[in-house]
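Hi everyone, thanks for coming. I'd like to walk you through one structure today, so let's get it up on the screen.

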Amino acid sequence: MFYGAFVTKMLLLRRPGVPGWLLAVAGGVLLAVLAGVWLTSALWFFAGHGLSF
């Protein structure tokens, strides 16, 4: 999903006539996907391994 959102944003940058708000929405989606991947990875890690010192 991250690569798809990233490629879409990069393709929108090269296209003439694209409104500025669309680039902002694509950037927001990219950030949301990246944050979602990070949070689910952290949840998986801490659920399986926990914190041990």
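Before we look at the surface, a word on terms: a nonpolar patch here is made of residues with over 30% relative accessible area and no salt bridge, with the nonpolar side chains joined within 5 Å. And please keep in mind that this is a predicted model.

So, which residues make the nonpolar surface patch? They are Phe6, Val7, Met10, Leu11 and Leu13, and together they give a patch of about 450 Å². Let's take one of them, Leu13. Leu13 sits in helix α1, and its relative accessibility is 48%. Since exposed means over 50% and buried means under 20%, Leu13 counts as partly exposed.

Now stay with that helix, which covers residues 2–14, and find Lys9 in it. Is Lys9 buried or exposed? With 18% relative accessibility, Lys9 counts as buried, because the cut-off for buried is under 20%. As for its neighbours, leaving aside residues up to four places away in sequence, Lys9 touches Leu23, Ala26, Gly27 and Leu30.

Last stop: the aromatic rings. How many aromatic pairs does a search of the whole structure find? One. The partners are Phe45 and Phe46, 5.3 Å apart centre to centre. Their planes make an angle of 75 degrees, and the pair is edge-to-face. Turning to accessibility, Phe45 is at 38% and counts as partly exposed. Phe46, at 44%, counts as partly exposed too.

That's my tour, folks. Happy to go back to any of these spots on the screen.

Note on methods
Residues numbered from 1 in each chain as written. Predicted model: local features only at pLDDT ≥ 70, side-chain atom pairs only at ≥ 80, totals over all residues. Heavy atoms only, no water. Phe/Tyr/Trp six-rings, centres within 6.5 Å; stacked < 30°, edge-to-face > 60°. Buried < 20%, exposed > 50% of the residue type's maximum accessible area, 1.4 Å probe, protein only. Helix = DSSP H or I, 4+ residues; strand = E, 2+ residues; numbered from the N terminus. Contact = heavy atoms within 4.5 Å. Patch = residues over 30% accessible without salt bridge, like charges linked within 9 Å, V, L, I, M, F, W, Y side chains within 5 Å. Areas by Shrake-Rupley, 256 points an atom, 1.4 Å probe, with all protein chains shown as cover. Salt bridge = Lys/Arg side-chain N within 4 Å of Asp/Glu carboxyl O.
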